[in-house]
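Colleague: I should like to learn how to read the features of a model such as this one, step by step. Could we begin with a single residue and work outwards?

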Amino acid sequence: MPVVTLREILKNAGRGKYAVGMFDVHHSDMAEAVLEAAEERKAPVILALAEVHAVQPGQLTAVGSMLVRAAERAGVPAAVHLDHAVSVETAVRAMELGFSSVMYDGSALSLEENLENTAKTVRLAGAFGASVEAELGHVGGEEGNSDGSGGSVYTKPEDAAYFAEMTGADALAVSIGTVHGRYREKPNLNIPLLEEIHRRVSIPLVLHGGSGLSDQDFKDCIAGGISKINIYTEIAEAARMVLIEDAGSLGYFDLMQKSKRAMRAVAAEKIKLFGSQGKAPALSEPGTPPQETGE
C-alpha cells in the first residue's frame, strides 16, 4: 500500500472523533510491532523516527529507509514521519528518503523565527508532496528523555490561529500540560485551553507526551480536538521491562520476540483507546470527506 501523508491520514479524524496514533520507533522490531497491531485493529497508523534517535552518521538513512519500506508493505494506511526535527535541513533529508511527513520543531525559538522556519519547511515540502507538522508553545521534557524533566510553555490560542494561517502547516502540536517522558506527578491538562485553540484553528491538532496519561485524559483530549497522539516512552518501557525481567532466563532471540509482543500489545491497546480501530478501510476508499475543522 502506498505511504500516505499526515494530511491524508488525519482527514477523517476530527469528523469521526478519533485520533491516529503516532509511534516513535527506531529499529525494525518496533516498526513491525506497531504495524502488526495496526493491521490487527484495521487502523491507520503513523510510524515516526525522532531526530534525537538518528544522530549517528548514516542512521537517518538506514532507519528511515527501513520505515518507508515497512510502511509500503503494510496492509493499512501508514504515514512515515520525522519527529522533532530541529533543523530544516534534516527535514528535507528525510523527505528525500521518502518520509511522507515531517515535524519541524521550532518551539524553543521566538514566534517569528518559528513561523519563518516552519513556513520555509512547508514550501520545501510541496516539492515532495509531503505534509508538515509544527509546534507552538513548548511541551516539557525532551524527546527521547525518559524522566519527563523540563518546563512547559502553554500554547496561546491567538498565536495558534495566526501561526497556522501564516505557515500553511498541515497539523499543529499544542502544549496543554503534557510532557515528554515519564510523568513525575499526575498531569494537569488544560482542556478548556485545548477547546479554545480548536475553535480558532482549522488544521488538525497534535498531542505530544501521550505516554502516561490516563484513559480519561486521552478521551478528553480527543473530544477537545486532538487528532494525532504521540507515543514513545510507554512502548519503549514495555520492551525494557521484558529485558529486565527475563534476561536471566531467555536467550537473545526469545528476548527480542517477547519484547516485540509486549510493544505490539501496547500499540494495539492505544489504537483501540484512540478510537481509530476499524478506520483504515474508509481511508483506503476514494472520495472520503475531509475532516471537520474548528469553528
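**From one strand residue to the whole fold**

Modeller: Leaving out residues up to four places away in sequence, Gly21 touches Val45, Ile46, Ile229 and Phe274. Please keep in mind throughout that this is a predicted model.

Colleague: In which element does Gly21 lie, and is Gly21 buried or exposed?

Modeller: Gly21 belongs to strand S1, which covers residues 20-24. A residue counts as buried when its relative accessible area is under 20%. Gly21 has a relative accessible area of 2% and is therefore buried.

Colleague: How far apart are Gly21 and Ala267 in sequence and in space?

Modeller: The two are 246 residues apart in sequence, while their C-alpha atoms are 8.3 Å apart in space. For the chain as a whole, one takes the contacts with a separation of 6 or more; residues 24 or more positions apart account for 73% of these.

Colleague: Let us turn to the overall architecture. How many helices and strands does the chain have, and how do the strands run in the barrel?

Modeller: The secondary structure comes to 12 helices and 8 strands. A closed barrel of 8 strands runs S1-S2-S3-S4-S5-S6-S7-S8, and the pairing is parallel. From one strand to the next, the twist averages 25 degrees.

Colleague: What does one such pairing look like for strands S5 and S6?

Modeller: Strand S5 (residues 131-136) and strand S6 (residues 171-174) pair in the parallel sense over 4 bridges. One residue to follow here is Glu133, whose bridge partner in S6 is Ala171. Helix H6 (residues 111-126) lies across strand S4 (101-104) and S5, and runs at about 175 degrees to S5. Angles of this kind run from 0 to 180 degrees between N-to-C directions, so a value of about 175 degrees means that helix H6 and strand S5 point in nearly opposite directions.

Colleague: With which side chain does Glu133 meet in a salt bridge?

Modeller: Glu133 meets the side chain of Lys228, at 2.7 Å from N to O. This pair links distant parts of the chain, as Lys228 is in strand S8 (residues 226-231) and Glu133 in strand S5, 95 residues apart. Lys228 has a relative accessible area of 0% and is therefore buried; Glu133, at 0% relative accessibility, likewise counts as buried.

Colleague: How many salt bridges does the structure hold, and which parts does the pair of Lys260 and Glu36 tie together?

Modeller: The structure holds 12 salt bridges. In one of them, the side chains of Lys260 and Glu36 meet at 3.2 Å, N to O. Lys260 lies in helix H11 (residues 252-274) and Glu36 in helix H3 (residues 28-41), so the pair ties together parts that are 224 residues apart in sequence. Lys260 is buried, with a relative accessible area of 11%, whereas Glu36 is partly exposed at 26%. Glu32, Glu36, Glu40, Lys260 and Arg264 are linked in a network of salt bridges.

Colleague: Where do Glu196 and Arg199 lie?

Modeller: Both lie in helix H8 (residues 191-200), 3 residues apart, which is about one turn of the helix. Their side chains meet in a salt bridge at 2.8 Å, N to O. Glu196 is partly exposed, with a relative accessible area of 22%, and Arg199 is partly exposed at 39%.

Colleague: How should one read Glu51: which side chain of opposite charge is nearest, and how far away is it?

Modeller: The nearest side chain of opposite charge is Arg93, 12 Å away; Glu51 is buried yet has no salt bridge. Glu51 is found in the loop between strand S2 (45-50) and helix H4 (59-73). Not counting residues up to four places away in sequence, Glu51 touches Leu82, Asp83, His84, Ala85, Val86, Ser87 and Thr90.

Colleague: Finally, which residues touch the most other members of the largest nonpolar core?

Modeller: That core has 80 residues, of which Leu67, Phe99, Leu172 and Ile229 touch the most other members. Apart from this core lies another, of 16 residues, among them Leu10, Ile46, Ala171 and Val206. Beyond its neighbours within four places in sequence, Leu67 is in contact with Val25, Ala31, Leu47, Ala48, Leu49 and Val80. Over the chain, buried residues make up 57% of the 295 residues.

Definitions and conventions
Residues numbered from 1 in each chain as written. Predicted model: local features only at pLDDT ≥ 70, side-chain atom pairs only at ≥ 80, totals over all residues. Heavy atoms only, no water. Helix = DSSP H or I, 4+ residues; strand = E, 2+ residues; numbered from the N terminus. Buried < 20%, exposed > 50% of the residue type's maximum accessible area, 1.4 Å probe, protein only. Lys, Arg positive; Asp, Glu negative; His and termini not counted. Salt bridge = Lys/Arg side-chain N within 4 Å of Asp/Glu carboxyl O. Contact = heavy atoms within 4.5 Å. Core = buried A, V, L, I, M, F, W, Y, C linked by side-chain atoms within 4.5 Å. Pairing = 2+ DSSP bridges.
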